[in-house]
Amino acid sequence: MLISGLRLVRTLPCLAESDKLIVVAQPDQALDGVLPLLNALLPNVISYNPMGGVMTLRRRPGLITLYPDRVMITQVASVDEGLVLLAAVRDLLNRVWDRRDEIQPDLQSRAVPRPLDVYELLPRTNCRACGEATCMAFAFGLLEGRHHPERCPSLADPVFATQHRALVDMLINSAGETASLQPD
Ligand code: SF4
């Protein structure tokens, strides 16, 4: 076992969805040692900085960011849901750590595009057809895995064909496949 607990230390308003929370928790052991193992196993790693010991995982919806001394989960509906998610993260970290002798650590860094990088490939008309109030909100949704580019009808216009292709490539290259808290 790597950690016995992830203690909820505070909640913050979530920038992506105003009625949701960010939960911030503290582990009772440093987490940087388990990150290369997660990087080797999980399909939902969207960024990893081995020098800083920081990793972000995609979940649906939201993100989980692991620091050596902190865990942050975005787009959480309530404190109760946050506690359930923290318990799931703790169990995941312990399961992977317990298998460390059979996993080849992966120290390769991964980078995720910034929201502005995604926004610049969108039509930027804020037409709301995707269900978001602005193209920037849609860009956040794409990075968090809440949206798919096809949800923006303007991207189907041949005028945006180049941007559409670049956007799909950017998201595929940065985000991997599906989100899951379970290692394969
Ligand atoms: S449908 Fe497309 S152009 Fe309209 S707000 Fe959403 S992302 Fe922007």
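# A guided look at a predicted model

Visitor: Which residues of the largest nonpolar core touch the most other members?
Guide: In this predicted model, the largest nonpolar core holds 43 residues. In soluble globular proteins, nonpolar side chains tend to be buried together. The core members that touch the most others are V71, V89 and F138.

Visitor: Which helix gives the most to this core?
Guide: The contribution to this core can be followed element by element, and one helix, spanning residues 135-143, supplies six residues. The helix that gives the most is therefore, by that count, helix α4.

Visitor: Where does this core lie with respect to the two domains?
Guide: The protein chain is divided into domain 1, residues 6-102, and domain 2, residues 115-175, and their C-alpha centres are 26 Å apart. Because both domains give residues to this core, its place is between domain 1 and domain 2.

Visitor: With which residues is F138 in contact, leaving aside its neighbours within four places in sequence?
Guide: F138 is one of the core residues that touch the most other members, and F138 also belongs to the residues that come nearest to the ligand. Once its neighbours within four places in sequence are left aside, the contacts of F138 are L122, C130, E132, H147 and C152.

Visitor: Which residues come nearest to the ligand, among the 13 around it?
Guide: By class, the shell around the ligand consists of eight nonpolar, three polar and two charged residues. Of the 13 residues around the ligand, those that come nearest are C127, C130, C135, F138 and C152.

Visitor: Is V79 buried or exposed?
Guide: V79 lies in helix α2, which covers residues 79-98, and its C-alpha atom is separated by 20 Å from that of Y67, twelve residues away along the chain. A residue counts as exposed if 12 or fewer other C-beta atoms lie within 10 Å of its own. Because V79 has 12 such atoms within 10 Å, V79 is exposed.

Visitor: In what order do the elements of the protein chain run from the N terminus on?
Guide: The protein chain contains five helices and six strands. Read from the N terminus on, these elements follow the order β-β-α-β-β-β-β-α-α-α-α.

Visitor: What is the radius of gyration of the protein chain?
Guide: For 184 residues the globule rule gives 16 Å, and the value for the protein chain is close to this, so the chain is as compact as a globular protein of that length. Along its principal axes the C-alpha trace spans about 55 × 35 × 25 Å. The radius of gyration of the protein chain is 17 Å.

Note on methods:
Residues numbered from 1 in each chain as written. Predicted model: local features only at pLDDT ≥ 70, side-chain atom pairs only at ≥ 80, totals over all residues. Near = placed C-beta within 6 Å. Nonpolar A, V, L, I, M, F, W, Y, C, P; charged D, E, K, R; others polar. Domains from an automatic or database assignment. Helix = DSSP H or I, 4+ residues; strand = E, 2+ residues; numbered from the N terminus. Buried ≥ 20, exposed ≤ 12 C-beta atoms within 10 Å, placed from the backbone. Rg over C-alpha atoms; globule rule 2.2 N^0.38 Å. Core = buried A, V, L, I, M, F, W, Y, C linked by C-beta atoms within 7 Å. Contact = placed C-beta atoms within 7 Å.
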